[in-house]
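Subject: Handover of a protein structure

Dear colleague,

Please find below the structure that I am handing over to you. I would be grateful if you kept it open while reading the notes that come after it.

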Amino acid sequence: VQDVQVGTASSPADPRRPIVGVTISTYLFDVRMPFPVDIESDNVGGPSAGFMFALGILDAVTDGDLTRGYYVAGTGTIAQDGSVGAVGGAAEKALAAEDDGAQVFLVPRDDYEEARRWVRRIQLVPIDRFGDAIQALCALSPLPTGASPEPPTPCG
């Protein structure tokens, strides 16, 4: 926690209304991994894919299929302590995942009610922490088509 004293500026839309601008940066933030990580995200941008990128990395560097053969989608930010944070557009993201054939959608708990708005078939799983997602995926019964009956390494 850091206390910072800031000033206000006039809003461009209403000069009588004071505003404060805030930018959060990861400047000089450095994470050392025991192996190289290169994510080709194409047109995916912003922090809302961080949680799913982290799950994908875990699945890639451990034995077995963490998805247990399911088409899993999701959204959420991820913090250093493993907490999964809310994002914008959870309802639209869940619907797009359902329309694309996903069977399971991992969603930050704070976005769960919004994500339920339009979906009908997809299984929504509210997540608070990274470990919750691992437990939820490990609890899935493996699909008979293609998934190994052996539990993946993270399910240990």
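The following paragraphs set out what was found in this structure, topic by topic.

Please bear in mind throughout that this is a predicted model.

The disulfide

I begin with the covalent link. A disulfide is a covalent bond between the sulfur atoms of two cysteines. One disulfide turns up when the whole structure is searched. The two partners are Cys138 and Cys155, with 1.8 Å between their sulfur atoms. This pair joins distant parts of the chain, since Cys138 belongs to helix H4 (residues 130-138) while Cys155 lies in the segment after H4, 17 residues apart. The link between Cys138 and Cys155 is left-handed, with -90° about the S-S bond. Is Cys155 buried or exposed? Neither word applies: Cys155 has a relative accessibility of 23% and therefore counts as partly exposed, because buried means under 20% and exposed means over 50%.

Salt bridges

Next come the charged side chains. Five salt bridges are found in the structure as a whole, and I describe some of them here.

Asp14 and Arg16 meet through their side chains in a salt bridge, at 3.4 Å from N to O. Asp14 is partly exposed, at 24% relative accessibility, whereas Arg16 has a relative accessible area of 75% and is exposed.

Another salt bridge joins Asp30 to Arg32, where the closest N and O atoms are 2.9 Å apart. Asp30 is partly exposed, with 47% relative accessible area, and Arg32 counts as exposed at 73%.

Arg117 and Glu114 also form a salt bridge with their side chains, at 4.0 Å from N to O. Arg117 has a relative accessible area of 43% and is partly exposed. Glu114 is likewise partly exposed, with a value of 24%.

The nonpolar surface patch and helix H1

Which residues form a nonpolar patch on the surface? They are Phe29, Val31, Met33, Phe35, Val37, Ile39 and Val61, and together they have about 580 Å² of accessible area. Met33 is placed in the loop between E2 and H1. With a relative accessibility of 42%, Met33 is counted as partly exposed.

Some of the patch residues are in contact with Ile57, a residue of helix H1. Apart from its neighbours within four places in sequence, Ile57 contacts Phe35, Val37 and Ile39. Ile57 and Val37 are 20 residues apart along the chain, and their C-alpha atoms are separated by 8.0 Å. Ile57 is partly exposed, at 24% relative accessibility.

Leu58 is also placed in helix H1. If its neighbours within four places in sequence are left aside, Leu58 is in contact with Leu66, Phe130, Ile134 and Pro154. One of these partners, Ile134, is 76 residues from Leu58 along the chain, and the C-alpha atoms of the two are separated by 9.6 Å.

Two serines

Ser48 and Ser11 each deserve a separate note. Ser48 sits in the loop between strand E2 (18-19) and helix H1 (50-61). What does the side chain of Ser48 make with the side chain of Lys93? The two side chains make a polar contact at 3.2 Å. Not counting residues up to four places away in sequence, Ser48 touches Thr75, Gly76, Thr77, Val87 and Lys93.

Ser11 is located in the loop between strand E1 (9-10) and E2. Its relative accessible area is 5%, so Ser11 is buried. The Ser11 side chain reaches the backbone nitrogen of Ala13 at 3.2 Å. Beyond residues up to four places away in sequence, Ser11 touches Arg17 and Ile19.

A backbone angle

Finally, I draw your attention to Arg68, in the loop between H1 and strand E3 (72-74). The phi angle of Arg68 is near 60°, which is a positive value in a residue other than glycine. Arg68 has a relative accessible area of 7% and is therefore buried.

Yours sincerely,

A colleague

Conventions: Residues are numbered from 1 along each chain as its sequence is written. This is a predicted model: local features need pLDDT of at least 70, side-chain atom pairs count only at pLDDT 80 or more; totals for chains, interfaces and linings use all residues. Side-chain values use heavy atoms; hydrogens and water are left out. A disulfide is a pair of cysteine sulfur atoms within 2.5 Å. Helices (H or I, at least four residues) and strands (E, at least two) are DSSP runs, numbered from the N terminus. Buried means under 20% relative accessible area, exposed over 50%, partly exposed in between (1.4 Å probe, protein chains only). A polar contact is a pair of N or O atoms within 3.5 Å; within protein, one must be able to donate a hydrogen and the other to accept it, and residues adjacent in sequence count only if both atoms are side-chain atoms. Contact means heavy atoms within 4.5 Å. Patches are made of residues with over 30% relative accessible area and no salt bridge: like charges are joined within 9 Å, nonpolar side chains (Val, Leu, Ile, Met, Phe, Trp, Tyr) within 5 Å. Accessible areas come from the Shrake-Rupley method with a 1.4 Å probe; for residues, only the protein chains shown count as cover.
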